[in-house]
Amino acid sequence: VARRVRREDQDVAIVFITNMANYALQGYEVEAMDFIVKPYTYEVFQFRMDRVVHRVERKKSNRAVLLTSNDQVYRVLLSELLYVEVAQHTLIYHTEQGEIAVRGSMREAEKALMPYGFCKCSQSYLIHLRFVTRVKDDEVFLNKERIHISRGSKKELIRGGIYSKRMRRKGKGKDNEKTAGSMDAACAAGAVLDNRLGRGCV
């Protein structure tokens with residue numbers, strides 16, 4: 001299975017979790033990011049998966065999207081892009097440095113950005129999960145900004161791993177830490193950095 005996955009995608013993070021230590025050699029063949037042998041403690045699992053998350057995030061931090069606005073081309077790092085808003089036929093990219101408006105459709109933005117940690121929270125907004133600090137009622141908070149989310153999208157946000165390390169640090173008690181840590185690990189294990197899906201990214 002791992003060989004088939006690697007043939008389909010050269011960038012996906014592969015982590016082996018098994019009680020067969022002799023599978024380690026196969027892990028090297030498919031360039032596995034880590035190899036966890038059963039049995040293991042939760043602390044070991046969390047440490048190893050946090051390391052995977054860090055490596056994946058480091059690779060993603062250099063990715064950028066090229067935007068053309070007013071006859072100028074902007075290279076925007078995905079790590080600095082908070083969210084994308086659509087108004088009629090205009091896409092507004094909200095970055096840490098300001099806003100950039102370009103002609104385009106939300107479908108185009110989804111195709112380019114959703115493989116890289118972005119999630120659609122309504123028909124008008126595509127948000128970057130790494131900047132989400134909390135969700136309350138029908139709003140999601142990104143730093144100091146509030147964005148309306150639909151009821152269905154709220155469930156998707158939760159399943160998509162909205163409980164980041166930042167939110168876990170704000171949680172109280174071991175149960176919260178374990179829940180958040182498990183979601184971080186699940187996101188890392190399934191992280192796919194697919195260049196083919198992100199044709200707008202470089």
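Helices (H or I, at least four residues) and strands (E, at least two) are DSSP runs, numbered from the N terminus. By this convention arginine 134 is found in strand S10. The structure is a predicted model, in which local features need pLDDT of at least 70 and side-chain atom pairs count only at pLDDT 80 or more, while totals for chains, interfaces and linings use all residues. Residues are numbered from 1 along each chain as its sequence is written, and side-chain values use heavy atoms, with hydrogens and water left out.

## Overall composition

The secondary structure of the protein comes to seven helices and twelve strands. Of its 202 residues, 42% are buried, where buried means under 20% relative accessible area, exposed means over 50%, and partly exposed lies in between (1.4 Å probe, protein chains only). The protein exposes about 12300 Å², and carbon and sulfur atoms supply 49% of this area; accessible areas come from the Shrake-Rupley method with a 1.4 Å probe, and for residues only the protein chains shown count as cover. Among contacts with a separation of 6 or more, 46% are made by residues 24 or more positions apart, a contact being heavy atoms within 4.5 Å.

## Nonpolar cores

A nonpolar core is a set of buried Ala, Val, Leu, Ile, Met, Phe, Trp, Tyr and Cys residues joined through side-chain atoms within 4.5 Å. The largest such core has 18 residues, and those with the most contacts inside it are Leu81, Val84, Tyr93 and Leu113. Two or more residues each are given to this core by strand S3 (64–69), strand S5 (81–87), strand S6 (90–95), strand S7 (99–103) and helix H4 (106–113). Helix H4 gives the most, with four residues.

Tyrosine 93 illustrates the surroundings within this core. Leaving aside neighbours within four places in sequence, tyrosine 93 is in contact with Leu67, Leu81, Tyr83, Val84, Gly98, Glu99, Ile100, Val102, Ala109 and Leu113. Apart from the largest core lies another, of twelve residues, among them Tyr83, Cys119, Val132 and Leu142.

## The second largest pocket

About 160 Å³ of space lies in the second largest pocket. On a 1 Å grid over the protein atoms alone, a pocket is an open set of points where a 1.4 Å probe fits, with protein on both sides within 12 Å along at least five of seven lines, and lining residues have an atom within 4 Å of a point. Grid points are joined across faces, edges and corners, and the volume is the space filled by probe spheres set on the points.

The lining has 13 residues, of which Leu66, Leu67, Tyr93, Val102 and Glu108 are the closest to the centre of the pocket. Strands S3, S6 and S7 and helix H4 each supply at least two residues of this lining. The largest share, four residues, comes from S3. Tyr93 therefore belongs both to the residues with the most contacts inside the largest core and to those closest to the pocket centre.## Cysteines

A search of the whole structure finds zero disulfides, a disulfide being a pair of cysteine sulfur atoms within 2.5 Å. The sulfur of cysteine 119 is 7.2 Å from the closest cysteine sulfur, in cysteine 121, which is too far for a bond. Cysteine 121 is likewise in no disulfide. Cysteine 119 is buried, with a relative accessible area of 12%, and cysteine 121 is buried at 0%.

## Backbone features and selected residues

The peptide bond from lysine 38 to proline 39 is cis, with omega near -10°. Proline 39 lies in the loop between strand S2 (34–37) and helix H3 (42–60).

Positive phi values occur at glutamine 88 and aspartate 137, neither of which is a glycine. The table sets out these two residues.

| Residue | Phi | Loop | Relative accessible area |
|---|---|---|---|
| Glutamine 88 | near 55° | between S5 and S6 | 78%, exposed |
| Aspartate 137 | about 55° | between S10 (132–136) and S11 (139–142) | 57%, exposed |

Phenylalanine 35 has its place in strand S2 and is buried, with a relative accessible area of 16%. Phenylalanine 35 and arginine 48 are 13 residues apart in sequence and 8.9 Å apart in space, C-alpha to C-alpha. Arginine 134, in strand S10, is partly exposed, with a relative accessible area of 39%. Between arginine 134 and arginine 146 the separation is twelve residues in sequence and 9.8 Å in space, C-alpha to C-alpha.
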